[in-house]
Amino acid sequence: ASSSRFCYLALKDGAEAIGGTGDVVFEKECKIKGVGGTAPQLDAYVASENIFVEAKCHEMFDKKTTVMRESYQEYIAGKKEGIGFNVLVDLKVEKGYFNIPYDDFGFTKEFHSFDFKQFLCHLLGIACQRKPAKLVYLYFKPLNDIKQKDIDDVFEKLSAEIRMAFENRYIKEFCAENKIELQAVAEYSDVMV
């Protein structure tokens, strides 16, 4: 099933499932200043509380992109208009792209389940809004008597990667400077309803 469908089913009656109280709008664009192309698109938004939601259903199994366009370079290695991660790195751009500097971020493991590149883009897009916000990752975790051990193993790895990203010093500093709160939530169900 699609993440958009899951997001709609989880939040169609309001934001209570993610700790909010306001009405939910589905699909929210967050433009990043100076970056062309398609802006980051979040699955839902609660305007009254400035909560952005990214829903995930099966994406933890997809291959992750490890490169970014050159237009993100200043946001990663410095600050552009006061917004950026300020990672101490000299990014090597080739043919308009650079590799995400995982080592320079301080990561000792690769991300296989959590989409770190998308996470960086979402954070930048939210920060460009210039007001306190909350970013919630909403995951669908199926309940299945036969496959539950395998499902739990996948979610244990995903949880470790999310913690690794959320607790990273550059991410924590960025979120503190831009007043962004992070949260990850899993909705357990045997079917997506």
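**View 1. Helices α4 and α6 are roughly parallel to each other.** Welcome to this predicted model; we start with a pair of helices. The angle at which α4 and α6 pack is about 20°, and because angles under 35 degrees count as roughly parallel, the pair earns that description. Their axes lie 10 Å apart, and the crossing of the two helices is left-handed.

**View 2. Side by side, α4 and α6 meet through residues from both helices.** On the α4 side, look for Phe116, Phe119, Leu120, Leu123, Leu124 and Ala127. Helix α6, which spans residues 169-178, brings Ile171, Phe174, Cys175 and Asn178 to the contact. Sorted by class, the contact residues are 9 nonpolar and 1 polar, with no charged ones.

**View 3. The largest pocket holds about 270 Å³ of space.** Its lining is made up of 15 residues. To find the centre of this pocket, look for Pro40, Tyr72, Lys117, Gln118 and Cys121, the lining residues that lie nearest to it. Helix α4 (116-127) appears again here, and both α4 and strand β4 (67-69) supply at least two lining residues. The largest share, 4 residues, comes from α4. The lining as a whole has 7 nonpolar, 5 polar and 3 charged residues.

**View 4. The second largest pocket holds about 170 Å³ of space.** Which residues line this second largest pocket? Asp62, Lys63, Lys64, Thr65 and Thr66 are part of the lining, together with Tyr102, Glu110, Phe111 and His112. By class, this lining has 4 charged, 3 polar and 2 nonpolar residues.

Note on methods
Residues numbered from 1 in each chain as written. Predicted model: local features only at pLDDT ≥ 70, side-chain atom pairs only at ≥ 80, totals over all residues. Heavy atoms only, no water. 1 Å grid on protein atoms, 1.4 Å probe; cavity = no way out; pocket = protein on both sides within 12 Å on 5 of 7 lines; lining within 4 Å. Points joined across faces, edges and corners; volume = space filled by probe spheres on them. Nonpolar A, V, L, I, M, F, W, Y, C, P; charged D, E, K, R; others polar. Axes fitted to C-alpha atoms, helices over the stretch in contact; angles between N-to-C directions. Parallel < 35°, antiparallel > 145°, perpendicular 65-115°, else oblique. Left-handed = near helix turned anticlockwise from the far one by under 90°. Contact = heavy atoms within 4.5 Å.
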